[in-house]
Every structure is written in structure tokens, then in C-alpha cells.
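Student: I would like to go through this model with you, from the overall fold down to single residues. Where do we begin?

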Amino acid sequence: MPARHLYIHVPFCARRCSYCDFSIAVRSVTPIDEYLVALRAELKQVVERDDATIRNPRIAGKATRDALETVYLGGGTPSRLGGAGVASVLAAVRDHWQLARGAEITVEANPDDVNDIAVSKWVAAGVNRVSLGAQTFNDAGLQWMHRTHNSAQIARAVSILRRAGIDNISLDLIFSLPDHIGRSWPDDLKRAIDLDPSHLSLYGLTVEPMTPLGKWADRGQIVQGGEEGYEEEFLVAHDTLSAAGFEHYEVSNFAKPGKRSRHNSAYWTGVPYLAAGPSAHSFDGEVRRWNVAAYAEWMRRLAKAGPVVAGEERLTPDNRLSEAAYLGLRTSTGFLVRDPDPPYLRAWQDAGWASTTTDEGGVRVRLTPTGWLRLDSLAAYASASP
Ligand code: SF4
């Protein structure tokens with residue numbers, strides 16, 4: 001199957017959030033022009049590789065590229081490119097690919113970058129979905145996270161997007177924040193639901209070394225609710241959002257009917273996808289590749305017309321099986337097991353971690369929310385006992 005999905009990584013952020021260990025480029029002024037020159041150079045490399053892939057009879061065996069079904073500008077903070085910058089990125093994409101009718105075109109945005117002028121340009125360029133990094137509606141929490149927005153700007157951003165015609169809006173929220181912040185998770189969920197988003201992505205706070213959060217933890221300055229608190233908030237989110245009409249369709253993602261992220265769903269079904277930008281990952285159906293992560297190195301290589309791929313991995317049959325188990329179990333689609341009575345299944349069902357249905361060729365195993373809390377270990381077990 002040829003790739004119909006393109007991810008573009010935009011690494012810029014105004015400052016680093018306290019919990020973030022992503023490879024980003026902190027810039028007070030976003031170097032839009034130099035980024036665009038480099039991105040256009042990389043897109044040519046992506047096209048050459050894509051053309052070689054579709055001519056490969058084992059993978060696609062086609063003469064021409066397919067139209068893209070999804071384009072996703074992620075980061076970092078793509079909204080730091082402003083209206084004209086995002087439009088230029090999408091123009092560069094259209095220089096090489098057609099976009100399918102109804103293609104999903106997503107931009108990740110911070111609420112404080114959302115304004116009428118920028119959004120009108122995004123819409124004119126074809127953007128029809130925005131993923132807003134809300135994180136929490138608690139202002140003390142936002143300050144503690146070193147976010148650049150306040151809670152009022154979240155509602156304002158949603159209203160600007162709607163007025164411009166973008167109603168496919170996803171909100172990111174973070175749970176399992178330390179108690180001392182005084183954030184109420186049920187209150188955050190309620191305020192998110194009140195904004196009527198079509199999609200929500202929830203992430204549990206993790207303490208990474210080499211971040212301000214990691215240093216605070218080393219000094220004993222933060223106390224999280226532990227595993228129990230994490231599990232409780234995850235399950236509260238499942239119950240609250242399900243009651244509000246959201247489908248919990250992937251371990252971290254909830255959508256109103258028909259509003260699942262088509263781009264991210266492509267990753268979870270194991271189809272090929274293209275990617276450009278520092279640290280971006282791509283998959284051609286046989287080989288996974290990843291780019292150099294540092295913006296400066298990515299720029300340096302492209303300035304010399306050199307390759308930016310830092311590494312690649314050809315998936316073995318064992319890799320494919322592990323991936324199929326992990327990707328299937330993380331979604332509500334589940335994982336098809338050929339053995340009608342795999343040895344682990346009864347224990348999982350008794351523990352309330354999984355449900356099953358009989359499917360063509362085997363039994364389809366779906367994790368419950370309590371099963372999703374153990375996703376990594378259950379997926380490892382399932383792939384070791386197919
Ligand atoms: S905006 Fe996102 S990518 Fe940028 S520093 Fe914050 S968490 Fe990291």
C-alpha cells in the first residue's frame with residue numbers, strides 16, 4: 001500500500017515546558033524562512049524515496065503517487081509559524097502531492113498563537129482540524145508547567161477557530177498532576193466538555209530526567225498521587241467522557257462519533273506514512289526510518305543537500321507481530337489472535353482487563369480501560385504467545 005499520510009515536524013517553541021524532554025528548538029522569534037528552505041529540500045528527498053517505494057513491486061508496484069488522505073503538522077509548536085508560515089508549508093506539500101477530497105489537515109496549536117488573522121490563513125490553506133495544547137484549565141497549573149497561555153485563552157482560541165469554520169477541534173489535557181497545584185481533574189474534564197470539542201487526547205504526567213520537573217522531583221519538591229492516583233484519574237476520564245458521548249477509541253484518545261483522528265489512526269493500523277522535519281519518523285511498509293533530532297543538525301545536513309535520515313530498521317516477522325499486538329491492543333479495534341483459546345486470555349478476562357468477540361480467523365481481544373492501564377505488559381505477553 002503506498003503512503004497516504006504525511007507528518008511534518010515543526011520544532012519551534014517559545015519556551016520549554018517544565019515536563020518536556022522533546023527535541024525542540026526554543027526561539028523567541030521563529031525562523032520561518034530558514035525552516036521553509038530546509039523543509040522544501042527535505043520534501044524533495046521524501047518524494048524521491050517515496051517514488052522508489054511505489055516502484056518497488058514488493059511494496060506498491062505502482063507508477064504514480066496516491067493523493068494524501070491526511071497531513072499533520074506536529075511539534076514543537078506548528079502554530080509558531082503563524083498564518084503565512086503554515087500556508088507556505090502546505091503549499092510546499094502541494095508542490096509534490098495531491099490532497100484527496102476531504103483530506104484531514106491538522107495543525108497543532110498553542111492557544112496563545114490562535115488569532116483571527118492566522119486562522120483565516122490556515123483555513124484558506126486547507127487546514128480543517130486543530131489540536132490545541134490546553135493541558136489544564138487551572139492557571140496555577142499552567143504556570144507550574146511553564147506554559148505560555150492562561151485558561152481564558154483556551155476558550156478564546158476555540159471560539160476563534162469555530163468562527164473561522166474549524167469545528168474539528170481536539171484538546172490535549174494532562175492528568176496525574178501533583179496535588180500541591182490544587183488542580184481538580186473532574187473540573188478540567190467538565191470545562192473541556194463544556195467547550196464541545198470533537199476530540200480529546202489525555203496524557204499522564206511523567207517525570208523525565210533533565211527536565212525542570214525531573215530536577216524538582218530529585219529535590220523532593222513534587223509529590224504525585226502515585227500509581228493509584230494515575231489509575232483513578234484515567235478511569236474517571238473514561239467514565240466522564242464516555243457519559244458525555246465520546247468514544248474511548250485509543251488508550252489516550254477520545255472522539256465524538258466520526259471524529260477520530262484519521263492521521264493517528266493510520267499509525268495504529270500499521271499502514272505506511274511519510275514524514276519530514278527534525279526527529280520525524282516514517283514507515284514505508286517494510287522499513288522504519290527516523291531523522292536526526294536536533295534542528296541545527298537537520299539544517300546543516302540539508303544546507304549541504306545531504307540526507308537527514310539518522311537511522312532505519314527493517315521490521316522482522318517477530319517485530320511485525322509485536323507491533324500488531326501493541327497497536328491493536330492500544331485501540332478499541334483490538335488484536336486478532338489466531339489461537340481460539342490463548343493461554344493468557346482467561347486470566348485477563350477474570351481480572352477485567354479484556355473482552356473478546358469471535359472474529360473471522362480467530363478471536364478478537366480488546367482491552368478494557370483497566371487493561372489499558374497495563375498495556376505495555378499485556379501487549380508484550382500477547383506477542384510472545386500468539
Ligand atoms: S509546547 Fe509542547 S513541544 Fe513545546 S516545550 Fe511545551 S510540551 Fe514541549
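Tutor: We begin with a definition: helices (H or I, at least four residues) and strands (E, at least two) are DSSP runs, numbered from the N terminus. The model is a predicted one.

Student: Between which two strands is Ile24 found?

Tutor: Ile24 belongs to a loop rather than to a strand, given that strands are runs of at least two E residues. The strands that flank this loop are β2 (12-13) and β3 (25-26).

Student: Is Ile24 buried or exposed?

Tutor: Buried means under 20% relative accessible area. The relative accessibility of Ile24 is 15%, so Ile24 counts as buried.

Student: Which residues does Ile24 touch, not counting residues up to four places away in sequence?

Tutor: Contact means heavy atoms within 4.5 Å. A separate value, the C-alpha separation of Ile24 and Ser279, is 9.3 Å, and these two are 255 residues apart along the chain. With residues up to four places away in sequence left out, Ile24 touches Pro11, Cys13, Arg16 and Gly76.

Student: Is Ser131 buried or exposed?

Tutor: Ser131 lies in strand β6, residues 129-135. Not counting residues up to four places away in sequence, Ser131 touches Tyr72, Thr106, Val107, Glu108, Ala109, Ser170 and Asp172. Its relative accessibility is 5%, so Ser131 counts as buried.

Student: Which residues touch the most other members of the largest nonpolar core, and which helix gives the most to this core?

Tutor: The largest nonpolar core has 82 residues, and those that touch the most other members are Tyr35, Leu171, Trp298 and Trp348. The helix that gives the most to this core, with 7 residues, is α1 (residues 32-55).

Student: How many residues are in the other core?

Tutor: The other core lies apart from the largest one. Among its members are Cys17, Cys20, Ile174 and Ile181, and its residues number 12.

Student: How many helices and strands are in the protein, and why is the protein as compact as a globular protein of that length?

Tutor: The protein has 14 helices and 17 strands. For 386 residues the globule rule gives 21 Å, and the protein is as compact as a globular protein of that length because its radius of gyration is close to that, at 21 Å.

Student: What percentage of the contacts with a separation of 6 or more is between residues 24 or more positions apart?

Tutor: Buried residues make up 52% of the 386 residues. Of the contacts with a separation of 6 or more, the share from residues 24 or more positions apart is 68%.

Definitions and conventions
Residues are numbered from 1 along each chain as its sequence is written. This is a predicted model: local features need pLDDT of at least 70, side-chain atom pairs count only at pLDDT 80 or more; totals for chains, interfaces and linings use all residues. Side-chain values use heavy atoms; hydrogens and water are left out. The radius of gyration is taken over C-alpha atoms; the globule rule is 2.2 Å times the number of residues to the power 0.38. Buried means under 20% relative accessible area, exposed over 50%, partly exposed in between (1.4 Å probe, protein chains only). A nonpolar core is a set of buried Ala, Val, Leu, Ile, Met, Phe, Trp, Tyr and Cys residues joined through side-chain atoms within 4.5 Å.
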